[in-house]
Amino acid sequence: MFEIARLYRRFGLRPVELLEELLGTIRRDNLNAYITVDEEGALRDAQEAEQILAQGSDDVLAGIPLAIKDNICTRGIRTTCGSNILADFVPAYDATVVERLRKRGAIIIGKTNLDEFAMGSTTTTSNAGPTKNPFDETRTPGGSSGGSAAAVAADLCAGALGSDTGGSIRQPASFCGITGLKPTYGSVSRFGLVAFASSLDQIGPMAHSARETAVLFDAIKGHDPKDSTSVPGEYAPIDLNALDMHGIRIGVPQEFFAEGLSPDVERAVRFGITAYEELGARIVPIRLPHIRYGVAVYYVIATAEASSNLARYDGVRYGLRADGAKDLTDMYLQTRSQGFGAEVKRRIMLGTYVLSAGYYDAYYKKASQVRTLIARDFSEAFGQCDLIAGPTSPVTSFGLDEMMDDPLSIYLLDIYTIPANLAGLPALSIPCGFAEDGLPIGMQLMAPHFREDRLLGAGMAFQDCTRFHRVKP
Amino acid sequence: MRDYDIVIGLEVHAQLLTETKIFCGCSARAGLAPNSSTCPVCMGMPGVLPVLNSKVVEFGIRLGLATGCTIARRNVFARKNYFYPDLPKGYQITQYDRPLCERGFLEIEIAGTKKRIGITRIHMEEDAGKNIHDEHEPVSYMDFNRAGVPLLEIVSEPDIAGPDEAVAYLKELRQILMFLDICDGNMEEGSFRCDANISVKPKGVAAFGIRTELKNMNSFRNVGKALEFEVDRHIGILKAGGRVEQDTRLWDVAANRTRSMRSKEESHDYRYFPDPDLVPLEVDEAWIEEIRSSLPELPSAKRKRFQEEYGLPAYDADVLTQTKALADYFEQCSELLDSPKEISNWIMTEVLRVLNEQDIALPQLKVTPGMLTAMLTLISTGTISISMAKEVFAEMASSGRTAEDIVQSKGLRQISDEDELLGLVQGILENNPAEVKKYRQGKTQLLGFFVGQLMKATKGKANPNLANSIIKEMLES
């Protein structure tokens with residue numbers, strides 16, 4: 001990103017030239033990172049960027065080609081959510097984040113693949129087929145923002161937006177060796193993000209480095225009157241100088257190094273923590289006693305909200321409508337049966353169940369209470385430390401056809417990422433090493449609400465003295 | 001007397017007169033071309049989010065304060081989930097366990113006896129769209145203009161002991177909503193809708209009977225008739241030793257009866273849960289006080305004041321306070337002319353008649369308070385008679401000209417000149433010697449005959465009081 005900005009200004013490279021080259025690469029590529037490449041629209045953006053640059057703009061984002069996850073609405077560009085039910089849906093509006101990026105002169109190349117409605121951790125449940133991991137094409141890029149992660153890792157864009165409900169930015173960032181930020185809940189507008197679980201969803205940036213991630217975060221963050229959950233107030237720009245780690249207390253929860261953690265991942269993450277210690281940070285052991293309920297709480301709350309959020313896909317106003325229905329109920333049944341894939345149906349059923357009369361208290365209400373306890377664990381922990389560090393995922397990327405019949409095992413892989421969503425905290429995944437087989441490993445950092453500056457500053461400090469984020473597939 | 005107690009609770013949906021819808025910027029006005037007042041938000045498009053219109057909260061607080069409710073400081077919106085084509089998101093945003101207002105009351109009066117009806121809660125929610133079914137083809141169309149129009153749902157306690165009380169409660173509630181300027185109260189067009197829960201139990205028994213829910217009653221008359229029908233139906237079943245089925249019933253206007261729509265078993269599980277797209281709404285004390293201080297005088301207070309301040313009978317006070325506009329009209333007149341009962345009489349007869357005939361509201365009435373009182377002054381000074389005044393009023397209402405102007409141009413001025421009338425009476429007596437004789441022999445009913453002759457001679461312009469006394473005097477002298 002910074003490199004491109006320099007080429008534009010110092011070496012006379014034109015955005016249209018760069019874009020044409022990039023579109024050629026995308027055409028030849030077979031990762032299936034994109035669902036839709038908007039060549040015409042991108043070209044228009046590039047031409048506009050040329051004008052902006054000609055006027056001497058010093059905006060880093062001018063002419064920078066970006067990819068947008070396909071559950072974020074783009075005016076005039078089909079937004080499918082990887083689902084049959086929205087296969088032909090073209091929004092008449094831009095998500096606030098897209099509007100903000102356009103205003104900065106960025107080029108929107110296209111829409112990246114995802115698990116259907118962002119429900120998954122593998123980018124295999126999309127109606128557009130699976131995305132492959134650039135480091136090993138037989139493996140998953142992670143998910144659900146796997147298309148964005150693969151596109152960034154394979155340089156099919158200079159940066160991307162993903163969405164993170166239970167780890168959907170951080171886990172694919174970790175699987176693809178890039179940097180990904182899940183911002184504080186309420187710091188980035190959700191307007192235009194097709195809702196999966198509204199109280200957990202958050203749009204965030206993905207790029208190679210923490211610095212680039214910070215630039216993208218600055219561009220999209222801030223209050224939006226169109227999103228009632230967006231937090232008002234001034235948002236200071238992120239300092240692009242690395243954080244001085246001296247005196248910073250890094251909390252390491254023992255719960256994050258529990259059973260099921262792959263030895264490769266543990267070794268790399270422990271290395272990362274040691275690196276911070278060498279940079280001057282103080283390591284503090286902490287406890288997060290309630291996070292062991294995180295996955296259970298998450299799958300109650302997320303599915304409950306999803307069952308309601310996805311009710312609007314009924315075939316009445318837009319999207320798929322099944323032919324030949326004999327009455328209204330049949331139209332609903334057929335449309336939704338044909339329109340949704342197995343994982344989405346599973347979650348709608350689960351969510352409907354936990355909200356049902358007689359079960360609400362035992363599931364949804366109880367889960368909401370435990371969610372509060374988890375948030376309290378974090379606020380207590382942040383009394384003792386400034387950042388929390390641990391693995392992003394207990395494993396590295398696995399085979400595209402592995403665990404497909406075992407949703408429960410896949411759900412359990414979100415164990416380290418889910419707590420930040422439940423507590424609304426910002427969390428960052430940065431590359432911190434490679435497994436024996438060469439697959440990337442991510443380290444997760446978490447900070448108190450609205451302390452993305454600390455998170456990204458620490459990321460920059462780490463990346464200024466390591467090269468993991470520079471390793472290309 | 002009946003051997004049964006009737007227990008009725010009412011749920012009213014009042015459409016609010018806000019400019020825009022509850023969660024988006026679309027116009028909330030009715031009567032626009034289908035789907036012309038819609039946007040991605042009220043159409044439930046993917047990715048869009050609701051933003052609360054604070055006017056709705058203000059209107060809700062107004063009603064809450066007017067009905068003595070406690071206003072919740074923390075409000076939570078909930079989703080009520082069900083599928084129907086008129087419901088764009090597949091859920092309705094409403095309030096569930098934390099409504100805006102709780103524990104209020106309304107006072108009604110039945111045959112001179114006052115009674116308090118408790119209000120359980122008042123909450124905010126969004127309306128749904130409308131299905132329009134093609135009359136010829138098996139096709140339905142959707143109009144989403146109404147989707148997202150704000151509603152207040154007002155739930156009463158089961159304090160209502162009969163259909164007459166139910167109607168009185170509804171009338172009072174509707175009047176309050178209209179006085180507060182938050183709802184137009186139009187029942188036919190559905191901006192004031194009512195559902196009823198009704199059960200009966202043998203007198204003295206504490207436990208409630210099994211209730212049925214009534215819908216589709218779009219006038220006070222239908223509410224009364226539907227409830228009467230249900231009372232009889234329930235009592236009939238109980239007397240025959242049967243058991244009332246819990247169900248939801250529609251009032252069938254044509255058939256004059258209720259019919260079952262769905263049974264309890266078919267009732268929905270709405271899976272309410274807090275809407276994560278809307279943060280809890282905090283209402284601060286200062287805002288509540290600001291709204292309280294801006295509340296207008298309510299109908300019951302106005303009724304009382306009209307009786308005390310203007311010495312009007314209860315009936316007049318009732319009629320004049322039917323709407324705020326009418327009450328204001330009366331008071332504007334009374335400021336110009338200190339003759340409240342006379343003003344009241346004219347408003348209750350001529351003003352209301354013209355409004356009805358011309359099918360207009362008060363602001364469109366061409367007779368301003370100034371014009372009405374000027375006309376009343378012409379009566380009191382004897383310039384015109386009451387019957388002339390009726391003609392003058394009708395003319396004012398149709399042309400907008402002043403009474404003075406009409407009296408001038410039509411020559412309506414009554415003859416109050418004693419000498420002129422004396423001369424005319426003289427002639428009439430001379431021309432009718434037989435009648436004069438009969439009168440003088442004691443047939444005094446003939447007075448009317450002579451007055452009639454005089455009116456005929458003056459084309460009705462003779463001052464009737466003066467005419468009477470002159471004729472009497474001349475006949476009896």
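Colleague: How many residue pairs are in polar contact between chain A and chain B?

Modeller: There are 17 such pairs, with both partners at pLDDT 80 or more. Keep in mind that this is a predicted model.

Colleague: And which parts of chain A supply the side that touches chain B?

Modeller: Helices α9 (294-309), α10 (328-339) and α11 (342-355) of chain A each supply at least two residues. The largest share comes from α9(A), with 5 residues. By type, that side of chain A divides into 20 nonpolar, 10 polar and 7 charged residues.

Colleague: What makes A:Arg190 and B:Asp277 a salt bridge?

Modeller: The cut-off is 4 Å between a side-chain nitrogen of Lys or Arg and a carboxyl oxygen of Asp or Glu. The side chains of A:Arg190 and B:Asp277 meet at 3.1 Å, N to O, so the pair qualifies as a salt bridge. The count between chain A and chain B is 1 salt bridge.

Colleague: How many residues does each chain put into the contact, and how much area is buried?

Modeller: Chain A gives 37 residues and chain B gives 30. Between them the two chains bury about 2,700 Å², 60% of it on carbon and sulfur atoms. On the chain A side, A:Ser228, A:Arg312 and A:Arg317 lose the most area to chain B, together 23% of what that side buries.

Colleague: Moving to the backbone, why is B:Arg103 called exposed?

Modeller: Exposed means over 50% relative accessible area. B:Arg103 has 54%, so the label fits. This residue is found in strand β6 (residues 101-110) of chain B.

Colleague: What is noted about the phi of B:Arg103?

Modeller: Its phi is positive, about 55°, although B:Arg103 is not a glycine. Most residues other than glycine have a negative phi.

Colleague: Why does B:Asn216 count as partly exposed?

Modeller: Partly exposed covers what is neither under 20% nor over 50%. B:Asn216 comes in at 44% relative accessibility, so it belongs in that class. B:Asn216 also has a positive phi, about 65°, and is not a glycine either. Its place is in the loop between β12 (212-215) and α3 (220-239) of chain B.

Colleague: Which residues does a cis peptide bond join?

Modeller: A:Gly143 and A:Ser144, with omega at about 10°. Most peptide bonds are trans.

Colleague: Where does A:Ser144 lie?

Modeller: A:Ser144 is in the loop between β3 (107-112) and α5 (146-153) of chain A.

Note on methods: Residues are numbered from 1 along each chain as its sequence is written. Chains are lettered from A and ligands numbered from 1 in the order in which they are written. This is a predicted model: local features need pLDDT of at least 70, side-chain atom pairs count only at pLDDT 80 or more; totals for chains, interfaces and linings use all residues. Side-chain values use heavy atoms; hydrogens and water are left out. Contact means heavy atoms within 4.5 Å. Buried area is the accessible area (1.4 Å probe) that two parts lose on being put together, summed over both. A polar contact is a pair of N or O atoms within 3.5 Å; within protein, one must be able to donate a hydrogen and the other to accept it, and residues adjacent in sequence count only if both atoms are side-chain atoms. Helices (H or I, at least four residues) and strands (E, at least two) are DSSP runs, numbered from the N terminus. Ala, Val, Leu, Ile, Met, Phe, Trp, Tyr, Cys and Pro count as nonpolar, Asp, Glu, Lys and Arg as charged, and the others, Gly among them, as polar. Buried means under 20% relative accessible area, exposed over 50%, partly exposed in between (1.4 Å probe, protein chains only).
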